[in-house]
Amino acid sequence: MSTPAPTPDTAPYWAAAAEGRLEIQHCNACGRHYFYPRPFCRHCFSPDVAWVEVTGNARLLSYVIARKPLRGFEPVSPVIAVVELDEGPRLMTNIVDIDPDPDLLVLDMPLRVRFHQRDDMTLPVFAPTGDRPGVPT
């Protein structure tokens, strides 16, 4: 199975994930969070940025269900999604701990980060919060 290859810009993200923390970048100049990692703010272009731990709370914006996974990705959740963190940035991820059923995957549903080990990487994934039908307890 293929896993992401850390780069100098993304290494802090992957290191935090390996420790069970979700970190993204925050601009000290304009005060906004952003993702995808880069050495300057995507909003104001300031280089005064820092890695910060975020809540890990998000909401479901969009998803697809991969009915036929790529070879080697069979154990990965078939729900591929875009989520929006409470802090604002959007991430592409997998949704776990819920049946891959469109009736259960309600847009704007609250999610919480989880961390799954895949090969030698720890990847942030998201799971529904609260009691919902189809969510294993």
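Which side chain does the side chain of E84 make a polar contact with? I will start there and then move out to the rest of the chain. One thing before that: this is a predicted model.

The partner is R90, and the distance between the two side chains is 3.2 Å. E84 sits in strand β5, which covers residues 79-85. Is E84 buried or exposed? Its relative accessible area is 17%. The cut-off for buried is under 20%, so E84 counts as buried. As for what surrounds it, leave aside residues up to four places away in sequence, and E84 touches N57, A58, R59, L61, P89 and R90. So R90 turns up twice, as a residue that E84 touches and as its polar partner.

Now the chain as a whole. The protein chain has one helix and eight strands. Reading from the N terminus, the helix comes before the strands, in the order α-β-β-β-β-β-β-β-β. Of the 137 residues, 36% are buried. Take the contacts between residues at least 6 apart in sequence: 51% of them join residues that are at least 24 apart.

Next, strand β1, residues 23-27. How many of its five residues are buried? Five of the five are, so β1 is largely enclosed by the rest of the structure. Strand β1 pairs with two strands that I want to point out. With strand β3, residues 49-53, the pairing is antiparallel and runs over five bridges. One pair to look for there is H26, whose bridge partner in β3 is A50. With strand β2, residues 33-34, β1 also pairs in the antiparallel sense, over two bridges. Here Q25 stands opposite Y34 of β2. Strands β1 and β2 form a hairpin, with five residues between them. In that turn you will find G31, which has a positive phi of about 80°.

Last, the surface. The accessible surface of the protein chain is about 7700 Å², and carbon and sulfur atoms account for 53% of that. Which residues form a nonpolar patch on the surface? They are V64, I80 and M92, and together they have about 300 Å² of accessible area. V64 belongs to strand β4, residues 57-65. Its relative accessible area is 48%, so V64 is classed as partly exposed; the exposed class begins over 50%.

To go back to the opening question: E84 is buried, and its side chain makes a polar contact with that of R90. That is what I have for today.

Note on methods: Residues are numbered from 1 along each chain as its sequence is written. This is a predicted model: local features need pLDDT of at least 70, side-chain atom pairs count only at pLDDT 80 or more; totals for chains, interfaces and linings use all residues. Side-chain values use heavy atoms; hydrogens and water are left out. Helices (H or I, at least four residues) and strands (E, at least two) are DSSP runs, numbered from the N terminus. Buried means under 20% relative accessible area, exposed over 50%, partly exposed in between (1.4 Å probe, protein chains only). Contact means heavy atoms within 4.5 Å. Accessible areas come from the Shrake-Rupley method with a 1.4 Å probe; for residues, only the protein chains shown count as cover. Patches are made of residues with over 30% relative accessible area and no salt bridge: like charges are joined within 9 Å, nonpolar side chains (Val, Leu, Ile, Met, Phe, Trp, Tyr) within 5 Å. A salt bridge is a side-chain nitrogen of Lys or Arg within 4 Å of a carboxyl oxygen of Asp or Glu. A polar contact is a pair of N or O atoms within 3.5 Å; within protein, one must be able to donate a hydrogen and the other to accept it, and residues adjacent in sequence count only if both atoms are side-chain atoms. Two strands pair if DSSP finds at least two bridges between them.
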